[in-house]
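This report concerns a protein model with its bound ligands. The sequence and structure are shown first, and the ligand surroundings are then described.

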Amino acid sequence: TACSSKYVLSQVHPMWQGPLAVPGGDRQSPVDIVVRASVFDSELKPLVNNYDPDTCQQIWNNGYSFLVEYDDTTDKSTLKGGPLQDKFRLCQFHFHWGESNAWGSEHTVDRKLFPAELHLVHWNSDKYSLFEEAVMEDNGLAVIGVFLKVGKRHEGLQKLVDALPAIRHKDSVVEFNRFDPACLLPSNTDDYWTYHGSLTTPPLTESVTWIIMKQHIEVSHDQLAVFRSLLFTSAEEDVQKSMVNNFRVQQPLCGRTVRSSFS
Ligand SMILES: CCCSc1c(F)c(F)c(S(=O)(=O)NC)c(F)c1F
Ligand SMILES: [Zn+2]
């Protein structure tokens, strides 16, 4: 099976074709969260996030998603608690979404697809001194996943949506300040699933403690439509491709247990 092979399934995506050799390959992400198979762990604590909006620096189109990047040279925007033993620094957040509202998330819950998924990426600043170091280590990263549903307009997201036309093309970047990523978290962050997995984009390293929120957030149809107005391609390319379906195919659980912080 895909669990034992040294290759992982890669979706047929402009970004990369064919199997990618990944060490081990039995801790890959994303996965389907089978609620009835998840194990309640009473040791799991509430998440403690402490984000400083002043550490927000820029927003850029990396040709796969758009990233809102934070100054992670100090412990000003941090995450601890939950399943984590150490303190983690926020380095960026980004999203994955579909060409329609019918799909777009990377993780699923009992096979339920959401139109988009937010990832807040943090690295272990107790153990490592740089993201680039942490991304190669078992306990190097912690990513909070939040599902998006289409409904009422998300007021906090609008400032971000208004900046997107300026970064339509791959490799475009604009300054972006004073954005508090906590406004994108659901009201209840005590209920989550957690499991050990990987990045869902190259280098696909198996360094991620995933923390997937049970409660989703709502954004409007129009706000999501602006995500889809972004392009995978740079301004120089003669064929422009809409940035949609930037999610990875699901990977086998390979015997891993998904724990829940709620019963
Ligand atoms: C070398 C990575 C640059 S930062 C980054 C990213 F851009 C990204 F898209 C994902 S993801 O795998 O897609 N989502 C968790 C990450 F984990 C990241 F850390
Ligand atoms: Zn992601």
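Which strand gives the most to the shell around ligand 1? In this predicted model, that strand is S9, which contributes 3 residues. Strand S9 spans 88-97 and strand S11 spans 116-124, and each of these two supplies at least two residues of the shell.

**Surroundings of ligand 1**

Ligand 1 is located in the largest pocket. The ligand is surrounded by 13 residues, the closest being Gln 92, His 94, His 119, Leu 199 and Thr 200. Sorted by class, the shell comprises 6 nonpolar and 7 polar residues, with no charged ones. Polar contacts of ligand 1 are listed below.

| Ligand 1 atom | Protein partner | Distance |
|---|---|---|
| nitrogen | His 94, side-chain N or O atom | 3.1 Å |
| nitrogen | His 119, side-chain N or O atom | 3.2 Å |
| oxygen | Thr 201, backbone N or O atom | 3.3 Å |

On its own, ligand 1 has 440 Å² of accessible area, of which the protein covers 85%.

**The zinc site**

The zinc ion, ligand 2, has as protein donors His 94 through NE2, His 96 through NE2 and His 119 through ND1, lying 2.0 Å from the ion. The spacing of these donor residues in sequence is H-x1-H-x22-H. The pair of His 96 in strand S9 and His 119 in strand S11 links distant parts of the chain, the two residues being 23 residues apart.

His 94 and His 119 thus appear in both descriptions: they are among the closest residues to ligand 1, and they are also among the protein donors of the zinc ion.

Methods: Residues are numbered from 1 along each chain as its sequence is written. Chains are lettered from A and ligands numbered from 1 in the order in which they are written. This is a predicted model: local features need pLDDT of at least 70, side-chain atom pairs count only at pLDDT 80 or more; totals for chains, interfaces and linings use all residues. Side-chain values use heavy atoms; hydrogens and water are left out. A residue is near a molecule or strand if one of its heavy atoms lies within 4 Å of it. A polar contact is a pair of N or O atoms within 3.5 Å; within protein, one must be able to donate a hydrogen and the other to accept it, and residues adjacent in sequence count only if both atoms are side-chain atoms. Accessible areas come from the Shrake-Rupley method with a 1.4 Å probe; for residues, only the protein chains shown count as cover. On a 1 Å grid over the protein atoms alone, a cavity is a set of points where a 1.4 Å probe fits but cannot get out, and a pocket is an open set with protein on both sides within 12 Å along at least five of seven lines; lining residues have an atom within 4 Å of a point. A molecule sits in a cavity or pocket if more than half of its atoms lie within 2 Å of its grid points. Helices (H or I, at least four residues) and strands (E, at least two) are DSSP runs, numbered from the N terminus. Ala, Val, Leu, Ile, Met, Phe, Trp, Tyr, Cys and Pro count as nonpolar, Asp, Glu, Lys and Arg as charged, and the others, Gly among them, as polar. Donors are N, O and S atoms within 2.8 Å of the metal (3.2 Å for Na, K and Ca); water is not among the atoms, so sites may look incomplete.
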